[in-house]
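Trainee: Got a minute to go through this one with me? I'd like to take it piece by piece.
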Amino acid sequence: KTTYMGNHGSLHYASLCTRPDIAYATGALARYSAAPTEQHMRLALGVLQYLYTTKTNGIKYSSNGSLKLQAWCDADYGGDMDTRRSTTGFVATLGSGAVLWGSRLQKTVAASTAEAEYIAASHCTRDMLWLRTLLVELGVNAGTIDIKTDNQAALAIIKNPVLSMRSKHIDIAYHFTRERVASGEVAFTYCATANMVADSLTKAVPLDKHKICCKGMGMR
C-alpha cells in the first residue's frame, strides 16, 4: 500500500502540473488508494511506463499565440462501475496550450447523459469564471469564454430557461450556468465528439483519439 501511495502521489503531481493526458487515469487510480490490489499496482506502473516513454512531451506555449480563452467540457455517463456516478472532464486553453484542466467524479448519480453533461457544464463554468477573474487581475481581458460541449440535449437545457420534465429534478445548484450564459460571461457552443478535447479526461479512449486530445491541449 505504501508503494502504491508513493507511485500514485508522483502521478498525481505530474497530472496537476504538466501532464493533463494522465489526469483521468490518475483520478481512477486514486479511488483504490485505501485498499489497492496487485492489479491496481500493475495499472499504476503502466501509467508510469507511459510517462517514461513520453518523457519529452509537455505543454508547449507559443509567444505569438493569442490570449483567447477556450474551454471544452465533457462527461462519461455512469462510467464508474462501483458507484455508477459519471466523470466530469474539462480543459481550458489560453493561446496554444492548456492552462487549467480537471477530471473528477460527479457528486451525484445522473439520471441521463444530458444530466451528466449539464452537471459537467456547471463544474466547468465555475472553474472558467475563477480563471476569468484571475486573468482580469493580471490585466488580461478574457471577454466571453467559449465553452464547447458535444451533447445537444445539455446545450438545449442550458439555452432554454423553461424547465422541462427531464431537467426539473436536477439540483438547483447546477442551474446557475444559465444565469452566467445570460450575463454574457460564458457561451456554450456545440462541438462534435470527434473534436472534443476533454474526451480523454472522462474515460479511456483509443490511441488515435488520445493523440487528438493531447494535440488540442497543446502537448507536443
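Trainee: Which way does α1 cross α2, left-handed or right-handed?
Mentor: The crossing of α1 past α2 is left-handed. Keep in mind that this is a predicted model.
Trainee: OK, and at what angle do α1 and α2 pack, and how far apart are the axes?
Mentor: Helix α1 covers residues 2–17 and helix α2 residues 23–30; the angle is about 150 degrees, and the axes lie 9 Å apart.
Trainee: Which residues in α1 and α2 meet there?
Mentor: From α1 you have Y4, H8, L11, H12 and S15, and from α2 there are A23, T26, L29 and A30. Sorted by class, that contact has 5 nonpolar and 4 polar residues, with no charged ones.
Trainee: Which residues of α2 are buried?
Mentor: A23, Y24, T26, A28 and L29 are.
Trainee: And what covers those buried residues of α2?
Mentor: The cover includes α1, α3 (38–53), β2 (87–94) and β3.
Trainee: Switching to the sheet. In what order do the strands come?
Mentor: The order is β3-β2-β1-β4-β5, so to speak reading across an open sheet of 5 strands with mixed pairing.
Trainee: Which strands stand at the edges?
Mentor: Those are β3 (97–105) and β5 (186–190). Each has a single partner strand, so one side of each has no neighbour in the sheet. From one strand to the next, the twist averages 20 degrees.
Trainee: What about β1 and β2, parallel or antiparallel?
Mentor: β1 and β2 run antiparallel, joined by 8 bridges. W72, for instance, has V91 in β2 as its bridge partner.
Trainee: And β1 with β4, parallel or antiparallel?
Mentor: Parallel: strand β1 (residues 69–76) is joined to strand β4 (residues 145–149) by 3 bridges. There, A71 has I147 as its bridge partner in β4.
Trainee: How many residues of β1 are buried?
Mentor: 8 of the 8 are, so β1 is largely enclosed by the rest of the structure.
Trainee: Which of those β1 residues point one way, and which the other?
Mentor: L69, A71, C73 and A75 go one way, while Q70, W72, D74 and D76 go the other, and all are buried. That fits a general pattern: side chains in a regular strand alternate between the two faces of the sheet.
Trainee: Last one: which strands does α5 lie across?
Mentor: Helix α5 (residues 152–159) lies across β4 and β5, and runs at about 150 degrees to β5.

Key:
Residues numbered from 1 in each chain as written. Predicted model: local features only at pLDDT ≥ 70, side-chain atom pairs only at ≥ 80, totals over all residues. Heavy atoms only, no water. Axes fitted to C-alpha atoms, helices over the stretch in contact; angles between N-to-C directions. Helix = DSSP H or I, 4+ residues; strand = E, 2+ residues; numbered from the N terminus. Left-handed = near helix turned anticlockwise from the far one by under 90°. Contact = heavy atoms within 4.5 Å. Nonpolar A, V, L, I, M, F, W, Y, C, P; charged D, E, K, R; others polar. Pairing = 2+ DSSP bridges. Buried < 20%, exposed > 50% of the residue type's maximum accessible area, 1.4 Å probe, protein only.
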